[in-house]
Every structure is written in C-alpha cells, then in structure tokens.
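Take a moment to look over the chains before reading on. The paragraphs below walk through them feature by feature.

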Amino acid sequence: MLEIINLKASINKRDILNGLNLKINPGEVHAIMGPNGSGKSTLANILSGKNGYKITGDLKYKGENLKDIPVEQRAQKGIFLAFQYPIEIPGVNTNNFLKTSLNTIRKAKGEKEIDTLAFLKLVKEKAKELGIDEKILSRQLNVGFSGGEKKKNEILQMKILDPNLVILDETDSGLDIDALKTIADGVNSSRSKDKSFLVITHYQRLLDYIKPDFVHVLSSGKIVKSGSRELALELEKKGYKKIN
Amino acid sequence: MIENFKISLKEIDKINLINQEDKNYRIKNLEFFNKKGFPTKKEEDWKFSDLREIFSKNFKKIDINDTYPEENKFRLIKEFDHNYILLINGRLIRSDFKFEDKNKIKITGYKEENFLREKSNNPLICLNNALSNEGYNLVVEKDYKFEKVLVIYNLFNEDLSEKILNNKNKIIVKKNSELHTIEYTINRSKNKFFNNTYENIILYENAKFKNICIQAGRSEGYFHKFLNGSIKSDSKYSSFIFSSGLKFNKQDIKIDLEGKNSDCEIKSALFLNKEDHQEIKTVVNHLVPNCKSFQKIKSVLDSNAKGVYQGKIFVKDIAQKTNAYQLSKALLISENSEFDSKPELEIYADDVKCSHGSTSGNVDENSIHYLMTRGLTKKEATQLLINGFLKEIISDIKSETIKKFVENKLEFQVYGY
Amino acid sequence: MNNQDINTNQEYKYGFTTDIENIRAPKGLNENTIKFISKMKKEPQWMLDWRLKAYNRLKNLTEPNWQKPKYPKIDYQNLYYYSAPKSAAEKPKSLDEVDPKLIETYKKLGIPLNEQKRLSGVAVDAVFDSVSVATTYKEELTKKGIIFCSISEAIQKHPDLVKKYLGSVIPLTDHYFATLNSAVFTDGSFVYIPPKVRCPMELSTYFRINASETGQFERTLIIADKGSYVSYLEGCTAPMRDENQLHAANVELVALDDAEIKYSTVQNWYPGDKDGVGGIYNFVTKRGACRGKNSKISWTQVETGSAITWKYPSCILQGDNSVGEFYSIAITNNHQKADTGTKMIHLGKNTKSKIISKGISAGQADNTYRGLVDIGKKALNSRNYTQCDSLLMGNKCGAHTVPYIKNKNSSSTVEHEATTSKINEEQLYYCNQRGLNQEEAVSLIVNGFCKEVLQQLPMEFAVEAQKLVGISLEGSVG
Ligand SMILES: Nc1ncnc2c1ncn2[C@@H]1O[C@H](COP(=O)(O)OP(=O)(O)O)[C@@H](O)[C@H]1O
Ligand SMILES: [Mg+2]
C-alpha cells in the first residue's frame, strides 16, 4: 500500500526527517510513537503532499511514485489525513463541505456524483454508527467545535470518504475515554484487507483500543525501533529516552 | 502684519537669511501658501478640522513672533532625575546633559542648512518652510544609550498675543543608540498664538527612540505639528501623546518604516474639555517586509470638545509579513461633544495581518450603575471610569516615576472637570 | 451588429449580443435629446420640465474625482441616450406582442418571461437597453393594490405618486451622475406597496444593456407605504464589447411608518477582458429614506461585474427607531476596480445601522470600501456596527478601507472593525487534503468568508450568487 524509502525532509533549513523507511501492506495497521517534536506530524503532512518541505527519498503509494502529485490528487487516490489540529473554516457549512469533498473524490474515481438526499442519508447512517450528534454537521466547519468534536468530525469524514490509506495524527490527544472509544470504534469498524492505517500517537492508551500489527518508535527524524504491540507497553514503562 | 491670513513676502526679510537660494526657497513656499491659504474641510486631510474656519473665528490677525526672552524662572521637574533642554518660543536657550557622555550628544539651535529643502503641497508645511526661524537639532551618536530621560521644556512666554511661531526640529538617533525624551510644554501666554512645527526624526539601524508628549495645564495655544519619521531596520519608534489642554492641536504624524523588522508604536490618551479641538493623524507607511506598527488612541470628550483621529496604514506590495493594528476609542461624556474618525487601510501585499477598530460612545451605564450601588455619585463614578479608561495607556510607560508624573497630570485634568 | 450568440469567453457567459432593430435618439447630450426621450415616452409636460431643470443644473456641475478608480474622460456628446427595440417602442400589451427575440434573450439569461414558465414566486420587470419590455405577474399584484410597472407607465398612470416621491430622496442637483440621470433617464421600475400590505412575492428587475455606444440610465422608485413590506431584486448583464459603456442609474427608496424594504442586487455587468479592455462603468446612485418611524431599509449587494463600480447605497434614517442595513460583497479580478460602500445618516432617535462589507481582490484589481456613518446631534440612543473585511489574492491587487465616522451624540455608540488578510494557507491545505482542487477550495473558502452577506439574499438569488463568487475568482490563484 505504502512504501517510504530513505525519506529526508527539511523545512526552513531545519532538518526534520533523516532517512525514514517504512512499508505498510494492505490491511495492516501501523502505529508510530514518538516524543513531541520528533517529526510525526511532518511525516503525516509529507504523505498528504503538503507544500513547503524539501524532500529526498521515495514515496510509493499503491506502487505509484507520489512525487509531483498534488495534495488533492493524493486525496482523490484515497489518502486521508485526520489532522492533529483540524482548522476552522468560518462560513463554510460542514455538510456542504463534506458533500463537495465526497463528490470530487467520487468523480476522480469515475463514480457518479451523489445527490443531496442520498448524501444526507449516508451521513446520518455513519454518524449514528459512530454515535456522533449530527447537529455539528450543520454548523460551520470546525468553528467553535470542542477538541473532541473536531476529532470526531475527522473520523466521520474518514468514514464517509472511504479512503484506502488512513493517517491519524494524534487523533487521540486530549480526548476523554468515551470519545476515545468512539474514535477507536470508527477505526476498527473500517478495518479491512484493502485498507491500511498509520496511527500516530503519543500514548499507548489508544493502542488498547486500536490493536496495531506493528509499532514503530520515531525519534529525531528516524525510526529507531520497530516491533509488535508489546513495544508500546515497553515504551509506556520506560519512556522514550531508554528506548533510544 | 498678516492680513486676511495672506502673508506679505516682505515678512521673509525679517528672518535671518542665509543666502539667496534660501530666500528663493522661502518665497516659493510662501507663494504656495498664499495661494492655498489655511486648509479647509474640503481638503481630505482636514475634513474634520477646518483650520480656516477655526482661525477666522479666533484670530483677527497673526504676526510673526520676534521675542525670545532669557528665561530662568521656571521650575524644573523634581520628581525624577533628568537631562534637559530649554526652548522658549521654539528657540533653543540652553541645555544640560549632566547625566550623559557629552561627546556622544550634539545639540545645536536652528540652522537652516541642517534641514532638507523638501517640496510639499501641505500648506502648513510650506508656511513652515517659508517662515521657520527657530528650533533645534539633536544628534545621538552611535552606540550610545541615554542614562536618564531628556526633558524638552517647551516654554511659551506671556506676550504671544496673535503671534505665529514656525519651528523646525530634528532628532537623529544613530546606530545602536537609545534616546528617551519627554516633551513638556509649558504655556504662559494668556493670549492666542499659533505654533507651527515641523519635526524630522531619523532612527538608524537598531536604534530606539521613545517620546512622551505632555502638557502642563490649559493654554490658549493653537498648535500644529508635522512629524516626519524615517525608521531604518531593527529600530523602534514609540510615542505617547498626552497633549490635553490645548485650544487647538493637530499632530500630523507620518512614519516611514524603511528598514526590515522596524517597529512603530503610537499611543495616546486625551481628555478634552471646553472648546478644545484636537486631532491626531497618523500615516504609517510599511515600505519593506516584516515590520510592525501599532496605534492606540483613547479620547474622552467633555463640554463642547471635539476629537478627531485619522489613521492610515499603508502597506506596499513588497511589504509582506506586515503586522499592523490600529484602535481608537472615544467616550463622549457631554451632549455637545463630538468624535470623528477615519481609520484607513490601503494594502497591496497579501501576506499581512492588518486590522483596525474604532468605537465611540458613552460611558457604560451598567458600570456607572454598579459603582452607584456602592455609594458613589454619578459624577464620581464617571470620573472613576474615564480615569481608568485613559490610564490603560499610561500603564504602558515603564518607568514608575515617570508614570506617576504623567498620571498626576492626567488626574488633575479628569478630576478638575 | 452581428448576431453572435456563441459564448467565446468562459468567464462571462452573458457576453452575447442580440440582433434587434433599434430606435435611437440622435447621439449627444442636449435639449433635443431630452425632448426626444420625453416625447418617445409620451410624457406629460411636468416631466419634461423636470428633466430640463436637471439638464440646466448639470451644466454647472463637474464629474466628481475623489473616488479611487480613475477612468478616461467620457465623451458625453458621443453617446446615445435612448435606444429601444423597435418592437417595444409601443409598449406591448401582453407578452404575446413582445418580440420573440427578446423573450429568447431573457431565456438565455435564465429569466423566462413567458407566462407559462415564469420564475415561481418572482415577478419580473425586464429592462432592455432603455425600455422596460415586460412585467410578469401583474394581475396578481394588482389584486393586492400593489403597483409594479415601468417608471414610464407610472409617470402616465400614477402621476401623483411619481410627482410626490421622484427626486425626494436623490434631489435633482445631488451630484453629476445623479443629475445626468434625472435629465435623461429612460426607464426603470416603479413599485408602490399600499398600507399594511405584505408583497406576496419577490419583485425583480432584470437589466440588460445590448446596444453599443449607449448609456443606460434607468430610474427606480420604490415606495413602501405605512406598515407594508417588499423585497426587491435587481440583476444585470451586458454583452462583451471592447468599448466602455456607461451605466448611471438612480434608485430611490422611501419607507414610511413601520414599512420595510429589502433591496438586493446581483451585479454582473461585463467586467472587461483580462487586459482591462471594455466593460461597464457602473456609476450608480442608490439611496433610501427611512422616512417613517420604525421603518427599515436593507441593502444587499453582490458586485462581481463592471470594469469600474462606483456606488454607495445609503440610508437616511429620519424616522425614530428606523433601521438601515448594508450587506455587501465586492469581488474584483483582473483589472476591475470597485469603490463602493454606504452612508448611514442617523437623524432620528433610536436609529440603528449595520454595515457588513466583504471585499475580495485578485489579479491587478483594486477594491475600496468607502463609507460614512454620521450620528447627528438629535439621534439620541443610536447605534452603528460596521465590519469590513478584505481578502487579497496576490500582491498585485489592492484593498483599501476608508470609513468616515462622525459621532455628535454622547448617548449613541459607533463601533467599527476592519481586517485585511489573505486566504489562510492551512485552510486551503485542509480542503485540498479532502480532495478539492485549488479553485474549488478558494471558491468554498471565499463563499464562507462572504456567508453573512450571502444569507441575506433571497433563496433564488443566493445560489446564483454563490456560483458567481467562484466564477469571478477563476484563474486568480496560481
Ligand atoms: N514550518 C516549520 N519551520 C521550522 N520548524 C518546523 C516547522 N514545522 C515543524 N518544525 C519543527 O520540526 C519538528 C517536528 O515537528 P512535528 O512534525 O510537528 O513534530 P511532532 O508531530 O512529532 O510533535 C519540531 O521541532 C518543529 O518545531
Ligand atoms: Mg504532531
């Protein structure tokens, strides 16, 4: 699904990633853990195609080189990033946004556009599955949402857009236990053999709910250790320093 | 004598002229002024302060001033240590830099050759170009930080009835240097006069200049000052204006942010009373990237007073990453008071943060009510609130003694009403 | 004139012309032209006298020059002041008599005039060049006592109302373009809503400039009598021509006690091409008088067209407790220039006004908000709130905010806020990550930025306006 080969990245003359390798097969769930500032969000941004980074190395998605493919086309090809800090866009209705988004992605896939009625039905259904109050969808996109609402909204979008590679950037941070479960349920119910997940987190807590196949530790721009789920528990006990 | 506010070219001969070139320059400027006359509200810059109307109401004639008495009998500020220069009717009388390294400071009186012969189509600047004959020149050499504040005693003596005084001042702060001044205006004239000043401020790289402008008591003076500031990279200009108590005052401030990372801050708290009419006009030109500017103007208007704030932020196309903010707030506490404002943005660069706000209205009724339930009279409550409103500006002054000094002056105005 | 229906320009889809035989007044501005217009319209003497009075005043006026957009000198003697489709010179009695080509034109513009396919819930008065060609839903309105007709018809059939109110808000001598209009206005709409009547549908005028070298000078007069309500929409388009065309309309609104007028405009005149050639000069005077107590006038405008837009829909708040509102979106792209805003003149007690202005500038365009809030001495307990936001795309365009604020009343409060910024990169990135391309993302974010204004528009217009916002900015992001 995704292959990252010797990825180096810098921004504003600051080196952030220093030779990162990672391979994710279809159906796998990988977790990346790492201290603050280790480059986790940078990795997520680069995968999504954000501008402004100086990059060397290779990124392959479904066998295709991602170089030169702009953000929106990556999204249309099925890469979804749940943002660490979802931005507020005043005046833009959430439902309306989501429908526009869904239809561009469907169009790119050669599927028919979905009409408003069918869309609303879909949203209702997915929101119900996740136990999310639909009301937030008639509000302006992320504006005045609580931290938890923003994160849930990201998961709902993931559910509706139905991507192939999902990157969750600290989607668990700052959530209470109920919200955490909502999010984990959302992810778990989407797991399938043609979908892969890259779960970025700070705490092993989330991994109690989303059981990863692999855990990687990111430190100063490199994966310093990879292992199974037990690695996360070990990290929790010893802290990042010891692992390094 | 000046009839009909037209000025005879002969007046120029009363001035100590340097050479023919100087004379021609003055004549040209005077002719321009005579053609235009005192500005009226038809002119965009004078939309809210019709100077011609104000003058024809209050002056019958204006004469050029030629009296500059030696003055020794004035009281120095005792509240804090300071250097000082003494100006009488604009003329530099003496200076005292006892706290400083004198090699680093140059102070001279008015000398025409020190001033650029700028062309202008502002009639009052032209008037100043034509007739200026007093003022001072202050240079702070590089790598020097003033130890103590410099007070500029700006004294006007008793016999200035219907006189016009045109002064030119220039302050230069060189690289890596710092200057802090208080311009303290003391007014002894019981009669009306007009002071028209042109001031040039140049801050070189990494220089800092802070000025507080304050007024001792009420006066019959009519003041206009044009300030032309040029700020080079990494320098900071800050100005506090507390010029309450003048019959008419317009401070026309133009600051060019010419060097990257330069910064300009203008703050004002005014309490206007009686027939006072004060205008602050600021034009801040962001000409290069990464500069900052901030203006905060607070006014309280009592009796028949009129306050005006015209503020413009200009951002040139190359001046990306500009951060500019402007705020004016006015409290109208009497039926006949008026506040007009024109906060203007003219922006040609897109990656900028520029905003302004302007409010005017009465003192918050709920706050007054709250204070009255605590036993204050309505007047006391109002005084307390307007004092607090204005004090916010003063609280930005760092030196405690100077802050106290300014606070006392302001309180005297507020509680005297 | 050749019949070029083909739409060669993607951005401006109304750029076609219609091949129709015209009757024109001779070129030039003089008494004869005015007499010609008046005669063509079979006007009574008092109307002609009024026009001539305006013309005489005009001779002593000069064009204003304080506004920011400058334009080449207009040769007033080289313009036609009257142009009417021959078929419409005799006002058709019913739509069957209207030239089918005209009906076709309006159909192409999305304004069906046929009785069968009328826009549901909207009564339309269509003005083609200088004359009103058709008004729909007339009978239904008549039943309620509502008068909705062309101003020419009103001058003949309702002279008392016209005499009483015409020029009562915009005096004959107001300023150059308003006075010019008073002298040579050709047609426009007239609305009268009787006391206590709530107009059951949106009233709408659709303006179309077709003929070349022709100025359009329409005049609209709307009177809402005591306790009545009306919502009025105005739309405009013009063919693509490489000459500049002048449009100098006057709109007067009068709201009596407890009456409310909502006036919405979607202005999409031809803006000129990418290099700034051609386009309409839109120099319009719009003013409303809240004459009665508790009256309300609300202006909403979406200005995306014209080479130069220069207008300040204003409210004179005379009646106690009256309310004035101004909601505006002005989008300028390429070489377009807009200098627009409002005046809120508070005269009565407890008067309130609200100004929401959104300016968007792209390409080499210039966008100015200019506004006046004036709280008079007698306007006790009055309030104004103003919010002006500007968005810049690129550093070749400009945004200018010039508010004039006067408060002469200590019991009144004025609040003004303004910001200028560019589109937030992070917002664009977020939208891109959800699959939207740059143009879709910009359109979405800008529509969000304009939301407060768009939601003031009646449904029928809001959708079109949203699309227009996106289209107007096409090609502005790189
Ligand atoms: N635009 C930028 N310019 C300079 N440094 C940046 C920029 N963005 C991120 N960084 C730095 O890169 C490092 C990694 O950031 P990030 O990927 O957000 O870390 P994490 O998500 O792991 O906390 C941090 O030290 C951060 O300060
Ligand atoms: Mg992060």
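What follows is a short tour of this structure, which is a predicted model.

Start in chain A, at the magnesium ion (ligand 2). Which protein atoms act as its donors? They are OG of A:Ser41 and OE1 of A:Gln84, at 2.0 to 2.2 Å from the ion. These two residues come from distant parts of the chain, 43 residues apart. A:Ser41 belongs to helix H1, residues 40-48. A:Gln84 sits in the loop between strand S6 (79-82) and helix H3 (94-108). Are the two donors buried or exposed? A:Ser41 has a relative accessible area of 23%, so it is partly exposed. A:Gln84 has 15%, and it is buried because the cut-off for buried is under 20%.

Now turn to a sheet in chain A. Four strands make an open sheet in the order S2-S1-S4-S5, and their pairing is antiparallel. Its edge strands are S2 (14-24) and S5 (64-65), each of which pairs on one side only. Look at one end of the sheet. Strand S4 (residues 54-61) of chain A joins S5(A) through 2 bridges, in the antiparallel sense. At one of these places, A:Lys60 has A:Asn65 as its bridge partner.

Next, find strand S8 of chain A, residues 196-201. How much of S8(A) is buried? The count is 6 of the 6 residues, so the strand is largely enclosed by the rest of the structure. In a regular strand, the side chains alternate between the two faces of the sheet. Follow that pattern here. A:Ser196, A:Leu198 and A:Ile200 point one way from S8(A). A:Phe197, A:Val199 and A:Thr201 point the other way. Both groups are buried.

S8(A) also has strand partners. Strand S3 (residues 29-33) of chain A pairs with S8(A) in the parallel sense, over 5 bridges. There, A:Val29 has A:Phe197 as its bridge partner. Strand S7 (residues 165-169) of chain A runs parallel to S8(A) too, and 5 bridges join them. In that pairing, A:Leu168 stands opposite A:Val199.

Helix H5 of chain A covers residues 147-161. Does its length fit, or not fit, what 15 residues should span? At 1.5 Å a residue the expected span is 21 Å, and the end C-alpha atoms are 21 Å apart, so the two agree. The helix is also well covered. Of its 15 residues, 12 are buried, so H5(A) is largely enclosed by the rest of the structure. Among the buried residues are A:Gly148, A:Ile155, A:Leu156, A:Met158 and A:Leu161. Charged residues appear in the buried list as well, including A:Lys150, A:Lys151 and A:Glu154. Just after the helix comes A:Asp162, with a positive phi near 50°.

Positive phi turns up in other chains. B:Ser303 has a positive phi of about 45°, although it is not a glycine. B:Ser303 lies in the loop between strand S16 (292-301) and strand S17 (306-315) of chain B. Its relative accessibility is 24%, so B:Ser303 counts as partly exposed. In chain C, C:Asn334 is not a glycine either, yet its phi is positive, about 50°. C:Asn334 is in the loop between strand S17 (323-332) and strand S18 (337-340) of chain C. With a relative accessible area of 24%, C:Asn334 is partly exposed.

Now consider empty space. Rolling a probe the size of a water molecule over the atoms shows where such space is left. The second largest pocket holds about 1,000 Å³. Its lining has 34 residues, and A:Asn96, A:Thr100, C:Leu444, C:Asn447 and C:Gln466 lie nearest its centre. Chain A gives two or more residues from each of H3 and helix H4 (116-130). Chain C does so from helix H10 (438-449), helix H11 (451-454) and helix H12 (459-472). By class, the lining has 11 nonpolar, 15 polar and 8 charged residues.

There are cavities too. How many of 30 Å³ or more does a search of the whole structure find? It finds 11. The largest cavity has a volume of about 240 Å³. Among its 22 lining residues, B:Asn154, B:Glu183, B:Thr185, B:Phe223 and B:Lys225 lie nearest the centre. Strands of chain B contribute to this lining, including S6 (150-156), S7 (163-173) and S8 (178-187). The lining counts 7 nonpolar, 12 polar and 3 charged residues.

Definitions and conventions: Residues numbered from 1 in each chain as written. Chains lettered and ligands numbered in written order. Predicted model: local features only at pLDDT ≥ 70, side-chain atom pairs only at ≥ 80, totals over all residues. Heavy atoms only, no water. Donors = N, O, S within 2.8 Å, 3.2 Å for Na, K, Ca; no water. Buried < 20%, exposed > 50% of the residue type's maximum accessible area, 1.4 Å probe, protein only. 1 Å grid on protein atoms, 1.4 Å probe; cavity = no way out; pocket = protein on both sides within 12 Å on 5 of 7 lines; lining within 4 Å. Points joined across faces, edges and corners; volume = space filled by probe spheres on them. Expected span 1.5 Å × (residues − 1). Pairing = 2+ DSSP bridges.
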